[in-house]
Structure formats: structure tokens, C-alpha cells
There are 2 protein chains.
Amino acid sequence: MPGENRDLSERKKLILKAIIDTHINMGEPVGSKYLTQYKQIAYSSATIRNEMAELEEMGYLEQPHTSAGRVPSQLGYRFYVDQLMQQYRLTSAEIGELNKLLKMKAAEVNRILDRATKLMSMLTNYTGVAVRRSPARQTVSRFDVMYVSPRSFILVMLTGSGAVKTRHIHLGFDVNRDVLEKLAVTLNDCVSGMEMEQITLPVILEMQQRLEGHESLINPIIKAVYETVNEPDEGELIFDGVNNLLNYPEFSDIDRVRDMLELFDNKEDLLDLLSGAEGDRTNVYIGSENEVEVMRSSSLIFRTVKSGGRTVGVIGVIGPRRMDYSKVVTMVDYLSGSIGHMMEADLIEGKKDDS
Amino acid sequence: MPGENRDLSERKKLILKAIIDTHINMGEPVGSKYLTQYKQIAYSSATIRNEMAELEEMGYLEQPHTSAGRVPSQLGYRFYVDQLMQQYRLTSAEIGELNKLLKMKAAEVNRILDRATKLMSMLTNYTGVAVRRSPARQTVSRFDVMYVSPRSFILVMLTGSGAVKTRHIHLGFDVNRDVLEKLAVTLNDCVSGMEMEQITLPVILEMQQRLEGHESLINPIIKAVYETVNEPDEGELIFDGVNNLLNYPEFSDIDRVRDMLELFDNKEDLLDLLSGAEGDRTNVYIGSENEVEVMRSSSLIFRTVKSGGRTVGVIGVIGPRRMDYSKVVTMVDYLSGSIGHMMEADLIEGKKDDS
DNA sequence: TTTAGCACTCTCGGGTGTCAAGTGCTAATC
DNA sequence: GATTAGCACTTGACACCCGAGAGTGCTAAA
């Protein structure tokens with residue numbers, strides 16, 4: 001039964017860590033002889049070979065073929081991420097880039113995530129991904145109505161997380177501007193800030209009463225609100241730097257490239273995957289740990305971005321299974337926190353600048 | 001001097017067309033012997049060989065190596081597209097799919113282009129692309145203002161092409177709802193429907209007069225309008241089916257894949273390229289005809305989508321240079337026209353449905 | 001002008017031999 | 001008992017060769 005780590009001796013951990021670190025850097029199977037050059041490992045290659053054989057038996061290492069060195073298995077990476085790897089320290093150049101992003105003026109949700117994605121891809125040399133997302137439980141905090149023509153208007157909704165959504169509404173009858181004005185006031189009075197469950201029949205009846213003579217307006221509106229709030233496939237996928245991955249030897253095999261591209265072609269699946277992020281921690285999916293078969297040779301590190309208690313998006317990095325987990329985790333941590341705080345500040349009070 | 005086509009005999013045209021048609025289908029260099037099987041070409045392989053040698057001399061054909069058949073050159077494809085290829089007839093299945101798209105309910109710009117892109121990728125087995133775009137000369141046809149906090153509000157603009165844009169505006173001072181209300185009315189009265197050049201000093205002065213006591217509101221607003229109208233990098237790139245291309249043998253070379261991915265990674269460049277579409281005709285870029293070096297092994301067929309005289313986007317298809325030009329051109333033509341008309345109908349008067 | 005024939009060129013796939021890396025195992029050593 | 005040196009073995013990578021097949025250009029004949 002592979003995977004029991006209680007009896008991993010310190011020496012085994014040392015060797016395992018050295019193998020994984022080396023392999024992450026070099027990208028090639030690492031052999032026993034190579035490890036003897038580390039001064040922390042003061043054993044002969046033969047001893048190391050024995051330990052490696054046992055580590056392989058336990059499931060932490062794999063051998064591509066008899067006469068190659070060892071490569072970490074999925075389980076090995078998992079153990080490494082959970083217990084072995086050490087904290088990465090961002091370089092000052094990296095911190096500089098990140099802070100430049102955070103000081104950006106147009107502090108709107110859209111721009112930030114775009115830019116963060118690009119930045120992650122550049123700083124890590126992997127692929128940056130993000131989801132701009134209406135969280136599962138969205139509310140509308142403010143409504144507005146914009147007249148277009150006698151039979152159509154646009155419903156503008158400011159969501160709890162600060163995004164603006166719009167809907168064209170077409171009617172089978174005419175309405176005038178006064179009615180629309182009243183509609184907006186009514187909506188703001190009756191349903192702003194509510195979750196969908198709170199919009200019950202009494203609330204709807206009250207609205208219809210206030211709009212007497214135009215009750216039939218309410219139904220399409222409620223439907224539009226409902227769709228906006230609950231739309232599960234709502235959420236826009238952003239990614240940048242897919243090309244970076246082609247520079248890693250694991251993607252010199254065309255089939256791997258195919259897998260990877262499939263990942264980015266099935267935007268809905270990737271969206272689902274990212275949306276499944278557990279909150280308040282950085283998620284690390286190694287290879288096929290998650291159910292997505294097509295990811296077997298890549299890993300995904302991601303984290304939700306929260307602002308004012310609400311999930312406003314997800315950011316992450318996709319790379320080969322042999323990824324610099326330490327660095328990427330640190331960076332995703334840092335960015336998700338900072339972006340969240342920033343948007344929070346922006347939402348709560350208008351900043352002091354004039355545009 | 002290659003390229004003069006005045007002296008292309010009918011027989012040469014026949015042979016050239018046969019070669020290109022065959023190569024588009026088969027994907028491999030085509031030899032003289034193979035062509036003798038066509039009954040329209042009643043010559044021996046030797047004769048065909050002579051003609052092929054001349055066509056190569058003229059620059060329409062290329063030889064990968066001595067003992068291979070001929071392959072169309074970029075110039076050859078160009079001649080084919082301009083003069084040789086025959087009209088493709090959409091199959092009934094294809095027409096069915098396309099009409100299904102066109103009958104879709106949520107007739108909003110966003111959804112249509114997303115779906116059209118996916119559809120093109122599916123029906124052609126190449127990559128569908130689209131740009132959702134505020135045309136270079138955009139106008140704002142209607143304004144609205146949504147109160148957020150004493151020092152910030154959201155400016156909602158309905159553009160001439162039917163898209164909705166929003167801007168958060170932060171202020172250094174407080175304003176109340178009444179002022180914002182007046183602001184919206186003023187904007188609608190004074191600048192709706194105008195091009196930027198028409199918003200001259202007198203217009204601005206009039207607005208400031210109408211908003212007396214709050215003149216300083218005008219500047220940030222004008223700036224926001226200006227940015228919205230003129231924003232050149234505005235325009236969202238959509239694509240679907242990148243993976244399809246990997247199935248073509250020309251992309252079994254990893255370097256070609258790299259080129260292709262680079263194309264999709266540099267979203268701005270691709271956006272520029274697509275935005276350069278000449279109006280009212282379907283543009284065909286073969287290989288490196290356009291300046292983008294990275295496209296040397298692919299082709300791009302695209303066309304603007306116009307609605308009510310305004311450009312609202314671009315749709316197109318990217319495929320290998322050996323593409324089924326005839327089919328793709330037909331499809332892009334059909335789609336761009338239909339989508340345009342549809343959005344037009346939607347804009348001018350709200351349809352008779354109720355949501 | 002067309003065609004048959006032929007020598008030539010080039011790619012592709014299979015087969016072979018060599019090299020280097022890395023292993024597992026055994027016996028000697030600390 | 002743990003460690004290590006030594007050695008035989010396995011395997012992939014690489015270079016090389018060779019024959020088959022496809023397609024060509026050219027020449028001479030029809």
C-alpha cells in the first residue's frame with residue numbers, strides 16, 4: 001500500500017526533496033550519482049540507489065525506463081507540496097512588478113484581472129488564468145433602467161461585488177419613460193441587496209401594486225434578475241501565455257500539446273474546474289488528481305479572490321506537472337490577497353482622485 | 001518576374017486548379033501521374049510534367065524536394081482564390097445549423113458572436129475567431145447615471161451599435177442624487193448621438209451652464225466618454241477550436257504549433273489584424289501576405305459584421321494555408337450578413353417577444 | 001506537339017552497431 | 001548491521017546504411 005508516510009525516515013525525505021528540487025530545475029530524470037554532489041547528502045551512490053528503490057516501492061518515485069534516473073510520481077509531488085517544499089521568497093524585481101500592478105489607476109475589476117493574468121504568466125513562465133466571476137450567490141445592490149424605444153429598455157444592475165451587468169428587455173407593449181422611472185425606484189426600494197431566496201411572493205406583489213397598471217413588467221424583470229444572479233455559466237475565462245508551456249520539454253510531444261489545448265478550448269470545463277476552488281486557501285491540483293483526465297501532465301495552482309467577503313474571481317497558474325510549486329504558490333497567494341484588498345478599498349469609498 | 005497571369009493557358013489553369021483542389025483535400029504534394037486519373041485532363045503524365053514545370057517557373061507551384069510532387073505556393077493559392085475556385089454550396093445540414101444560430105432568442109451582440117465563433121469552428125474544423133468591437137467611430141446614443149456612494153457613481157452608456165459600456169467615476173467631492181439625475185438629462189440632451197468631433201467647446205459650456213454649481217462634474221465625464229468612444233484597444237477577442245488545427249499534418253511540426261499559439265497569445269496583434277478588415281467584402285489573407293510573420297503557415301478569412309451602417313464586430317476563420325477557401329468564404333459571407341441583419345432588426349424595434 | 005522510356009534524386013522506414021547513463025546485486029569493508 | 005565499491009546488465013539515443021517507392025527532367029521517337 002503506497003502512500004503511508006509515517007515511516008519516511010529523515011534521510012528518505014532529504015533524498016526525495018533533493019530529487020524533486022533537482023528535477024523541477026533540470027527537467028530530466030535524476031540519477032543516484034548526481035545526488036552525491038550535494039554536500040547535505042554524504043552517502044555513496046549505492047546507498048542512495050537503495051533508498052531510491054525503496055522510495056519507488058512506496059510510490060513516490062517512478063522510473064521512465066530501466067536505465068534512466070528517477071522522476072517524482074504524482075504522489076511524490078503531493079508529498080513535496082504538503083510537507084517538503086520550503087517557502088519561496090519573491091525577488092525584489094518580482095515584488096516591484098506586482099506592486100506596479102497594484103498601484104494601477106483604473107482600479108476596475110476587469111482591468112486588474114487581465115493584467116494580473118498577464119503578469120503571472122510573465123513572472124512564472126507558465127500560463128496565467130483567471131475567472132472574472134459573478135459568485136454563485138450574487139446579489140444586485142442597485143438597479144437602473146435606460147429607455148431605448150417604446151418597447152424595449154435596458155436594465156442595468158450593479159452587483160454586490162461591484163460588477164455591472166446589463167440586460168436588454170423587449171416588451172410586447174409600449175411603456176413610457178415615467179413608468180420606467182417608477183420601475184427603477186421600485187426595484188431599488190424592494191429588491192436591492194436581496195438574495196434570490198428573499199424575493200418571495202409578497203415582495204413581488206408589493207412591486208406589482210406599486211406599478212399598478214403595468215404589472216406585466218415585473219415578470220420579465222424578475223426573470224432577468226434571476227438569470228443574472230444565478231447564471232451558473234456566467235464567468236469569463238481569461239488566460240495568457242499558453243505559448244510559454246511549449247518551451248518545456250514535456251510539451252515537445254504533440255499529444256501533450258493536444259491535451260493542453262483541449263483544456264483551453266473547453267472553456268466551460270476549465271471554468272468549472274477553477275470555480276471549484278476552495279476558499280481561503282491556495283488550491284493545488286497535481287496532474288490528474290482532479291477528475292479532468294486531460295490535465296494528467298499539468299498542474300494547476302489557483303485561489304479565489306475575495307473582496308468584502310464576496311468571491312469576485314479566481315486567479316491561478318497552469319504549468320507542467322514539474323512546476324515550481326513553491327514560487328507559484330507564493331505568488332498566487334500574494335496576488336489574490338492584494339487584489340482583493342484593493343478592490344475592497346475601491347468599493348467602499350471612492351478614491352480621492354478625480355477620474 | 002513571376003505572377004503575370006495574362007498568359008496562363010486554359011490548360012494550365014485546369015491543371016493548376018486540379019492540383020490545388022487535390023492538395024486541399026489530400027494534404028500531400030500531388031504528382032503528375034496522379035492527375036492523369038481526372039478525365040478532364042486527357043494528357044499523359046509527361047505533358048502534365050512539362051506544364052507543371054512551367055507553372056513552377058511562374059511561381060504558382062513549389063516542390064518540397066526533388067522527388068516529391070508539387071504544392072501550391074502562396075501565389076498559387078492567391079490565384080486560386082481570385083480566379084479559379086468555384087462557389088461552394090452549403091449543405092442542408094450546415095444551413096440548418098446556421099439558421100439555428102440565427103433564430104436564437106437572446107439576440108444580444110455578445111451571445112451571438114460567441115456562438116457564431118463556436119459554430120464556425122465546428123462546421124469548418126478550423127479555428128473560429130471574432131472580435132466584439134466598438135468601431136473606430138463610435139457614438140453614445142444614450143446615457144444614464146447610477147448612484148453608488150456620495151463620491152462615486154457609474155456612468156452607463158448605450159453605444160450606437162447597441163453595446164452597453166459602463167464606467168466607474170470617482171469624485172473628490174460629494175454629489176447627491178438630484179444632481180446626478182440632472183447630469184443624465186443634460187448628457188442625453190446635449191451629446192447623445194454625437195461623434196467626438198461634434199462635442200465642441202460651446203456644447204461643453206452649455207452643459208456646464210445647465211449644471212451650474214457642479215461644473216467640475218463635466219470634465220471627468222467628457223474624459224470618460226472620450227475614452228469609451230475612441231478607445232482603440234477596445235474590442236474583445238473571441239476564439240474557439242484552436243485544437244482543431246492540431247489535426248492537420250502541417251501542424252505536426254512543433255514549431256508551427258508554436259507560431260500558431262503565438263498568434264493567439266498576442267491578442268492585441270490578432271485584434272489589430274482583424275480590425276484591419278476592409279468593409280463590405282470578405283478578406284482573405286494567405287500565409288504571410290499580411291505583415292504578420294507568424295502566420296506564414298496559416299490563412300485567415302474574415303469579414304466585418306455591420307449593422308445599421310455601423311461596424312459592430314468581425315468574424316473569421318483561421319486555418320492552415322491549405323484551407324478549404326471556397327467553403328469558408330461562403331460561410332463567413334453568409335454569417336456576417338445574417339448576423340448584421342439580425343442585430344439590426346433587434347436594434348430598430350424591440351421584437352415581439354416578452355423577455 | 002505529345003508521349004514513352006529511362007536515369008536520377010530524394011524521402012522514408014527498417015535494421016544494425018555503438019555509446020553513455022543508470023541500475024541492481026554481490027561481496028567486501030567499516 | 002549499515003555502507004560502499006565493483007561489475008554485469010538493460011535501455012534509449014544516435015548515427016549509419018540500405019533498399020523501396022515515388023516523382024522528376026530529359027531525350028528521342030511518334
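Start where chain A meets chain B: the rule finds two salt bridges across this interface (a side-chain nitrogen of Lys or Arg within 4 Å of a carboxyl oxygen of Asp or Glu). Select Lys118(B) and Glu268(A) to see a salt bridge whose closest N and O atoms are 3.6 Å apart. Next, show strand 4 (residues 140-149) of chain A, which gives the most to the side touching chain B, with eight residues. Helices (H or I, at least four residues) and strands (E, at least two) are DSSP runs, numbered from the N terminus.

A quick word on what's on screen: this is a predicted model, where local features need pLDDT of at least 70, side-chain atom pairs count only at pLDDT 80 or more, and totals for chains, interfaces and linings use all residues. Residues are numbered from 1 along each chain as its sequence is written, chains are lettered from A in the order in which they are written, and side-chain values use heavy atoms, leaving out hydrogens and water.

Now select DNA strand C. Which residues come nearest to it? Of the 20 around this strand, they are Ser32(A), Ser44(B), Thr47(B), Thr66(B) and Ser67(B); "near" takes a heavy atom within 4 Å. Sugar and phosphate make up 75% of the strand C atoms that come within 4 Å of the protein.

Zoom in on the phosphate oxygens of strand C. One is 2.6 Å from an N or O atom in the side chain of Thr47(B). For Arg70(A), a side-chain N or O atom is 3.1 Å from a phosphate oxygen. Finish by colouring helix 3 of chain B, which gives the most to the surface near strand C, with four residues.

How values were computed
A polar contact is a pair of N or O atoms within 3.5 Å; within protein, one must be able to donate a hydrogen and the other to accept it, and residues adjacent in sequence count only if both atoms are side-chain atoms.
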